[in-house]
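Visitor: I have not looked closely at a structure like this before. Could you take me slowly through one part, the surroundings of the ligand, and then show me how that part connects to what lies around it?

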Amino acid sequence: MGTTEIEDQGVRVMKTLEQQIADTIYTSISQLSNEIVSIQQPKWADISPKYGMNQAKHSDYGRHDLCQLAEALTASNPPQYARYIVWLRAMLRSHQVPDFFVELNLETEQAALGRVLPPESHPIISHYMQSARDALKEEDKFNLSFLKDTGAHTELAKKYLKVLLAGERGEASQLITRAIESGVSIQDIYLRVLAPCLYEVGRLWQTGRITVAHEHFFSAATQFIMSELYPLIHKHVAQKGRVAVAACVAGELHEIGLRMITDLLELEGWRTFYLGANTPSLSVVEIVREKKAQLLALSICLPTSGPALRELISIVREQPGDGVRIIIGGYAISVDPVYAASFGADGLAVNAGEAVAMMNSLVKGE
Ligand code: B12
């Protein structure tokens with residue numbers, strides 16, 4: 001696809017038509033989501049109360065949807081939007097919302113965009129909508145458990161899931177402590193027990209089998225249990241170890257994966273500064289400078305955090321100095337290599353095992 005030179009925040013840059021459409025979506029997002037919601041609301045009237053939907057919530061969903069489309073456009077990646085629509089259908093099905101509403105969503109979104117975007121953009125939007133419709137012809141795979149094959153630790157993972165879903169945090173903690181005492185490594189506990197259980201909890205929530213409260217309890221308890229392991233981790237940190245700062249970008253709340261990465265880096269001797277969820281861009285820049293970090297690990301779980309990640313990468317790169325290496329990861333990055341590559345980071349990895357190996361090779365120790 002051809003590119004055009006346009007002015008963006010006072011700087012002349014080359015942008016594809018897809019990127020220009022994404023920019024228009026972001027600048028008109030309130031107008032667009034209001035318009036979409038006002039067309040959809042009468043048709044949702046019977047279903048809204050059952051789904052707990054009101055005007056404000058509906059408008060939030062509209063924005064989320066548009067943001068997913070804008071991110072797919074930014075990466076020139078129609079399958080990314082299609083995957084989101086397939087996910088949306090599963091979510092709605094779990095609330096007994098008929099599939100018809102997913103089609104309605106695509107239709108109203110396309111109509112609203114048609115009114116805001118110039119005619120040359122229309123075939124592109126049609127193409128994205130069509131690839132979503134094509135993806136909907138296939139059945140999704142959300143009936144498959146994440147605990148089918150977690151290697152030697154499948155039984156442990158199944159027990160952990162069961163006791164925590166039953167609300168037994170103490171028992172879950174003992175399960176993990178006993179596994180560590182019997183020689184299971186922290187890497188295996190993280191990557192073969194806790195991570196697959198969290199994915200499974202997401203699947204159970206998305207398909208309506210557990211509630212938001214169960215999911216919150218599960219992730220809070222898992223963080224508590226990770227903290228119990230920390231004394232075993234921290235003793236490996238080397239006084240003059242390589243330095244990494246790790247943060248979830250502004251607006252991003254999924255922090256457990258990144259926390260696993262920093263714990264595993266500490267096991268390898270790194271000194272890490274883990275900032276957790278929703279970190280403002282400028283604070284990240286400050287601490288990278290203050291700690292003289294060699295590596296900056298950034299995590300995004302949802303494409304809705306894509307703009308914040310792009311902004312942060314460009315701010316960090318504008319800073320004078322030795323050039324900290326920027327590594328990205330998180331669910332949105334792991335599931336889509338095209339989207340992942342669109343950020344132009346120095347490195348990326350799909351899981352904590354690969355992440356640590358890659359970080360060790362990018363920044364050599366003394
Ligand atoms: C717990 C959880 C939450 C918690 C997070 C709590 C916390 N303190 O972290 C809360 C309740 C906040 C939450 C909120 C939401 N969530 Co949520 N959540 C999850 C859940 C169940 C687990 C996340 C997790 O910890 N996974 C385990 C970790 C280990 O995996 P990971 O993050 O992918 O990390 C690994 C790799 O990606 C990599 N990695 C991670 N970071 C980095 C960084 C670097 C530099 C590198 C190299 C590698 C790397 O290494 C890690 C280990 O291998 C997931 C399910 C899932 N599939 O993950 C849903 C899930 C991610 N959530 C989802 C959604 C939709 C939401 C909400 C939008 C829901 C809503 N309507 O409010 C909000 C958005 C909030 C926001 N603004 O961020 C969806 C996303 C679907 C999609 N289409 O993308 C999921 C997939 C659930 C589902 N199956 O539908 N959520």
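Guide: What follows begins at the metal and works outwards.

This is a predicted model, in which local features need pLDDT of at least 70 and side-chain atom pairs count only at pLDDT 80 or more, while totals for chains, interfaces and linings use all residues. Residues are numbered from 1 along each chain as its sequence is written, and side-chain values use heavy atoms, with hydrogens and water left out.

The ligand carries a cobalt atom, and its only protein donor is His254, through NE2 at 2.3 Å. Donors are N, O and S atoms within 2.8 Å of the metal (3.2 Å for Na, K and Ca), and sites may look incomplete because water is not among the atoms. His254 is found in the loop between β3 (243-248) and α12 (256-267); such labels number, from the N terminus, the DSSP runs of helix (H or I, at least four residues) and strand (E, at least two).

Moving outwards from the metal, there are 39 residues around the ligand, and those that come nearest are Trp87, His254, Glu255, Ser299 and Ala352; a residue is near a molecule if one of its heavy atoms lies within 4 Å of it. Some backbone atoms also approach the polar atoms of the ligand: a backbone N or O atom of Gly251 lies 3.0 Å from a nitrogen atom of the ligand, a polar backbone atom of Glu255 is 2.8 Å from one of its oxygen atoms, and a polar backbone atom of Ala352 is 2.9 Å from an oxygen atom of the ligand.

By class, the shell around the ligand has 22 nonpolar, 13 polar and four charged residues. Here Ala, Val, Leu, Ile, Met, Phe, Trp, Tyr, Cys and Pro count as nonpolar, Asp, Glu, Lys and Arg as charged, and the others, Gly among them, as polar. The largest share of the shell, eight residues, comes from α10, and the elements that each supply at least two residues include α10 (186-206), α11 (212-234), α12, β5 (295-299) and α17 (352-362).

The wider plan puts this shell in its place. The domain assignment gives domain 1 (3-136), domain 2 (151-233) and domain 3 (236-362), with bounds that come from an automatic or database assignment. Both domain 2 and domain 3 give residues to the shell, so the ligand lies between them. The centres of domain 1 and domain 2, taken over C-alpha atoms, are separated by 35 Å, and the contact between these two takes four residues from each, where contact means heavy atoms within 4.5 Å.

The strand β5, which supplies part of the shell, also leads to a neighbouring helix, α13 (281-290), since β5 is among the elements that cover the buried residues of α13, along with β3, β4 (271-274) and α14 (306-318). Those buried residues are Ser281, Val284, Val285, Ile287 and Val288; buried means under 20% relative accessible area, exposed over 50%, and partly exposed in between (1.4 Å probe, protein chains only). In the loop between α13 and β5 is Lys292, whose phi is near 50 degrees, a positive value in a residue other than glycine. At 68% relative accessibility, Lys292 counts as exposed.

Notes:
Polar contact = N/O pair within 3.5 Å; in protein donor to acceptor, adjacent residues only side chain to side chain.
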